[in-house]
Amino acid sequence: ENQQQVYQAYIDNINAQGGVAGRKIVPVYDSYCPIGSAGPLAVCTKLTEDDKVFAVMGTVIDFSGDTQGCVAKQHQRVLMTFNLTQPIIGANPPGLVVYPGATNERTAKAVIDLLGQQHTLKGKKVAALGDSTAASTIKTAVLPALKKIGVATGTTGILSISGSDTSAALTQLDSFIERWKSEHVDAIFLSGDSVSSKQFVSAIRKAMPKVFLMTDTGDVKSSAQDDTHAGIKPNPYEGIVTAQGPTPSEYDKSANWAYCAAIYKKYTGKTAPNAEQTVKAPGGKTLDTNGSINDACQVLTMFHDIGTRVGKNLNNTNWINTVDKFGAITNRGGGPYASLRAGKYDIDDSFHLQAFDSSIRPDGNWKALSPLRNVPGN
């Protein structure tokens, strides 16, 4: 809710400071239903063909990659968004798609490498689970990383998930669970947002209550907090491990959050809820206002920084040349380490292991399991 107001605050701040190399940002807003590709594809066509925007920024969710390709490949527009995998980035013109975070592939490797350093997976048998859009991540990142640290693996589960109907996928999951039990699997790596959602995690926990869960997406926090708020015990997400930047308590004390929160307060008159606060919504849900603030602050600050370095002649060629040579970059919505260069278009380099702990008030949150490290990737 109120995402337009949030984004507008950071646009107003940039424009008040002289814009991007002297040019003001003129926003065009649109929204869509995030189930399937039809909604975001329609928005892509409107923004690129009707509104003729230079860049598309915000949360573009399409795990098939069709909408991202519509923006960057078909219409040759800059795209700065989240929830991207390396195949989606790689399928588009180099430098036009920039991710203010870390791909599932880099995150998966970080999770497994850090767990390997702590010998957490020693003696365990690990199965990987994803849908068709995560199959590449499992093949190129998860399984090789597990092999690298010498961990035994069970059968890989790939679910067929189509839109909001998950009945067939849940039936498939039941079959994989029975196979994992026979293989003595005691740890599962969940790759991607789809299989990390409530219905699948709950089914796994019910059938395998002691299984050790890992994921390459930090977005599970909202679902985990919803279950804590709803009084579900044990919380199916309890102890699930991922790798990401500062913990909520660390980030709330950072200069990046102070910067983002001050702008939000200045232009909305409201105090920004920090990462340790829970904003309640009807029906036992939570509003991720903090996430909206960080997304907007992160993506617009980065657009400003890249565009300012490009200069007044802001076009695709100069944008790509600048991105490919940028180097260290400020990541306002994340940790202290970030970089951007040719072949590396996801900027976040700040990682440490974190686990969801439902006992952290008020509704549970991430706790650190290892020190924060600079992991710049290849």
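Colleague: In what sense do β14 and strand β16 pair, and over how many bridges?
Modeller: Keep in mind that this is a predicted model. Strand β16 covers residues 373-374, and one bridge there has R373 as the partner of F351. β14 and β16 run antiparallel, and their bridges number two.

Colleague: Which residue in β15 stands opposite F356?
Modeller: Strand β15, residues 365-368, pairs with β14 in the antiparallel sense over four bridges. Within that pairing, the residue facing F356 is W366.

Colleague: And β9, which residue there stands opposite H352 of β14?
Modeller: β9 takes in residues 241-244 and pairs with β14 over four bridges, again in the antiparallel sense. The one opposite H352 is Q244.

Colleague: How many residues of β14 are buried?
Modeller: In a regular strand, side chains alternate between the two faces of the sheet. Here S350, H352, Q354 and F356 are buried on one side, and F351, L353, A355 and D357 on the other. Buried means under 20% relative accessible area. The strand is largely enclosed by the rest of the structure, because the buried count is eight of the eight.

Colleague: How far apart are the end C-alpha atoms of helix α12?
Modeller: α12 has 22 residues, 289-310, and at 1.5 Å a residue it should span 32 Å. The model agrees with that, as the end C-alpha atoms are apart by 32 Å.

Colleague: How many of the residues in α12 are buried?
Modeller: The helix is mostly covered. Just after α12 comes G311, with a positive phi of about 100°. For α12 itself, the buried count is 17 of its 22 residues.

Terms used. Residues are numbered from 1 along each chain as its sequence is written. This is a predicted model: local features need pLDDT of at least 70, side-chain atom pairs count only at pLDDT 80 or more; totals for chains, interfaces and linings use all residues. Side-chain values use heavy atoms; hydrogens and water are left out. Buried means under 20% relative accessible area, exposed over 50%, partly exposed in between (1.4 Å probe, protein chains only). Two strands pair if DSSP finds at least two bridges between them. The expected span of a helix is 1.5 Å times one less than its number of residues.
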